[in-house]
Amino acid sequence: MTQELKRFSREEIAKHNKPDDLWIIVDSYVYDLSGFIDAHPGGQAVLLMDDVAGKDATETFFGLHSIEVLMRRGVKNLIIGKVEGEEPKVHYPQPGDISKVPYAEPAWLVENFHSPYYSDSHRRLQREMRVFTEKYVLPVAEKCEVSGERPDVELVKLMGANGLNAMRLGPGKHLAGRKLFADIKPEEFDYFHELIITQELSRCGTRGFMDALQGGMVIGLPPVINFGSDEMKREIVEPVFRGEKFISLAITEAFAGSDVMGLRTYAKKTEDGQHYIVNGTKKWITNGNFADYFTTACRTDEGFAVILIPRALGVETRLIHTSYSPSAGTAFVMFNNIKVPAKNVIGQDGMGIPIVLSNFNHERWVMCCGTIRGARGICEILMKWIHQRKVFGRPLTSQAVVRQKLAFLITQVEAGQAFLEHITLQMNKMSYKQQSKFLAGPIALLKAWSTRISHEVADNAVQIMGGRGLTRSGMGRKIENYNRNYKYDAVLGGTEEVLADLGIRQSFRFFPHDHKL
């Protein structure tokens with residue numbers, strides 16, 4: 001749109017107001033819609049209205065469409081010139097842009113605001129991650145949200161080649177010697193770097209696809225890395241990081257839900273001790289429908305074990321149709337007399353519950369990163385909407401009830417981010433053992449609180465956006481997607497109620513009983 005264009009006076013443009021000769025003005029650009037009128041999704045009548053045909057339709061356009069419509073190649077091709085003596089006033093976002101909309105970004109990214117948590121390497125990662133996400137991830141995410149297909153394997157491989165798949169598991173020995181994205185040194189990589197990766201991906205506004213994009217790896221591979229044998233790690237870890245193989249965490253069952261101790265899948269050791277025969281089912285397993293490996297929690301004669309079970313041994317899966325995108329591959333998994341080598345036990349038989357519990361803190365923290373950033377993205381949409389939408393002849397910004405709703409949502413999002421960053425700092429300062437002891441409760445409370453924030457954002461967003469917030473296309477499609485998907489985080493990784501209770505019960509362990517009112 002920066003090329004030199006022919007200039008037209010408004011008087012000249014006004015003459016072109018017929019079905020076969022139709023021009024309009026949007027943000028000083030002159031569009032010739034003569035050949036487009038029959039293809040207009042809203043029909044001819046909208047374009048032939050008295051305040052549109054041959055007129056400046058900027059206000060009308062932005063009451064119906066988002067800026068991205070003007071940035072499509074096909075729409076750009078309709079531009080024939082600009083209004084004489086006028087220049088564009090609308091910002092056309094470019095890849096990597098930091099939003100200038102108030103509260104659209106975490107405070108550490110906002111000019112004139114400061115944070116003690118983020119270094120130059122964090123800021124470099126954020127800049128490059130935003131460009132990468134908008135260039136490579138967002139187009140695939142939006143396509144898969146519509147089609148329901150699993151993520152393009154080539155995208156996963158591209159992320160693997162750039163070190164991003166390994167970086168999504170947080171700091172640790174698995175990063176040693178790797179070339180990481182944005183030239184981050186493995187020894188400097190911390191949980192704030194991982195937070196940035198998760199939050200930048202979450203800006204896509206496609207919750208189901210975010211689970212599809214290696215959600216199974218983020219929760220299914222750590223037990224292998226932290227407790228698996230050297231042989232197991234050599235076989236599994238690198239192919240998964242490269243995007244050649246896929247892995248899922250198989251814990252949840254229809255019988256147990258959040259009650260891990262209630263699971264029924266049973267692994268019976270053979271008499272020669274060389275194998276386990278596994279029988280049982282798992283449900284709601286993220287990426288399970290296309291996973292090559294299942295990190296599976298089982299009952300055994302010793303109590304509980306976590307066993308790595310390859311699909312190739314005969315595991316069957318069936319896609320579960322949920323309210324969010326089928327691209328996540330959410331599956332019902334069936335183990336029918338699956339004969340698994342005993343060497344596939346992760347850690348030791350009888351260690352299953354400690355291994356499962358050790359995995360939860362990071363899983364829940366990752367979910368909080370995405371949940372809080374997703375809520376912020378919706379607030380940005382609402383802030384833009386109320387500035388360009390007019391009702392009863394006045395902008396929505398003039399409505400006190402709308403201002404109050406948005407103030408309430410923004411306050412909660414800001415509080416959630418502050419709580420998240422506080423816990424992230426503690427994760428950086430504590431050993432893994434200390435995290436398990438001191439942070440299980442706070443992370444549980446953060447997750448329960450962040451999904452309550454999501455509930456408020458989803459509910460109020462639809463009220464502010466109206467019918468558009470219930471429509472899967474157009475300006476409100478991300479609101480609709482969010483409203484359909486936000487509840488997942490209130491259930492996955494432990495329900496809101498269970499985690500709120502866990503957080504409080506954990507605090508009781510540290511209560512000083514000599515303190516009285």
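What follows is a short chat about a predicted model, its domains, hollows, salt bridges and backbone.

Me: Before we start, what kind of model is this, and how are residues numbered?
Reply: It is a predicted model, where local features need pLDDT of at least 70, side-chain atom pairs count only at pLDDT 80 or more, and totals for chains, interfaces and linings use all residues. Residues are numbered from 1 along each chain as its sequence is written, and side-chain values use heavy atoms, with hydrogens and water left out.

Me: OK, which domains is the chain divided into?
Reply: There is domain 1 (7–83), domain 2 (109–213), domain 3 (247–349) and domain 4 (358–510). Those bounds come from an automatic or database domain assignment.

Me: How far apart are the C-alpha centres of domain 1 and domain 2?
Reply: They lie 38 Å apart.

Me: What does UniProt place at residues 5–84?
Reply: An unreviewed UniProt entry has the feature "domain: Cytochrome b5 heme-binding" there. UniProt positions are given in the numbering used here, feature names are shortened, and annotations may be inferred rather than shown by experiment.

Me: And how much helix and strand is in 5–84?
Reply: That stretch is 28% helix and 24% strand, with its end C-alpha atoms 10 Å apart. Helices (H or I, at least four residues) and strands (E, at least two) are DSSP runs, numbered from the N terminus.

Me: Switching to pockets: what volume does the second largest one have?
Reply: About 730 Å³. A pocket, on a 1 Å grid over the protein atoms alone, is an open set of points with protein on both sides within 12 Å along at least five of seven lines; a cavity is a set where a 1.4 Å probe fits but cannot get out, and lining residues have an atom within 4 Å of a point. Points are joined across faces, edges and corners, and the volume is the space filled by probe spheres set on them.

Me: Which residues are closest to the centre of that second largest pocket?
Reply: H40, P41, F61, H65 and V69, out of 30 that line the second largest pocket. The elements giving two or more residues to this lining are β3 (21–26), α2 (44–47), α3 (58–62) and α4 (67–70), and α4 has the largest share, with three.

Me: Which domains does the lining draw at least three residues from?
Reply: Domain 1 (7–83) and domain 4 (358–510) each give at least three. By type, the lining of the second largest pocket splits into 17 nonpolar, nine polar and four charged residues. Here Ala, Val, Leu, Ile, Met, Phe, Trp, Tyr, Cys and Pro count as nonpolar, Asp, Glu, Lys and Arg as charged, and the others, Gly among them, as polar.

Me: How many cavities of 30 Å³ or more are there?
Reply: One cavity by that rule. The largest cavity has a volume of about 50 Å³ and is lined by P106, W108, L109, L195, I196, Q199, E200 and R373. Helix α9 (residues 191–202) gives the most to that lining, four residues.

Me: Two of those names ring a bell. Which network are E200 and R373 linked in?
Reply: A network of salt bridges, together with E105 and R130. A salt bridge means a side-chain nitrogen of Lys or Arg within 4 Å of a carboxyl oxygen of Asp or Glu.

Me: How many salt bridges in the whole structure?
Reply: The search finds 28. One of them joins K282 and E253 (2.9 Å, N to O). K282 is in strand β8 (residues 275–285) and E253 in the loop between β6 (247–250) and β7 (266–269), 29 residues apart.

Me: Are K282 and E253 buried or exposed?
Reply: Both are buried, where buried means under 20% relative accessible area, exposed over 50%, and partly exposed in between (1.4 Å probe, protein chains only).

Me: What about E414 and R376?
Reply: Their side chains meet in a salt bridge at 2.7 Å, N to O. E414 lies in helix α15 (residues 400–429) and R376 in helix α14 (residues 352–388), so the pair ties together parts 38 residues apart in sequence. E414 is partly exposed at 24% relative accessibility, while R376 is buried at 1%.

Me: Last topic, the backbone. What phi does N112 have?
Reply: A positive one, about 80°, although N112 is not a glycine. Most residues other than glycine have a negative phi. N112 sits in the loop between β5 (79–83) and α6 (120–147) and is exposed, at 66% relative accessibility.

Me: And where is Q214 found?
Reply: In the loop between α10 (207–212) and α11 (215–220). Q214 has a positive phi of about 70° although it is not a glycine, and Q214 is buried at 2% relative accessibility.
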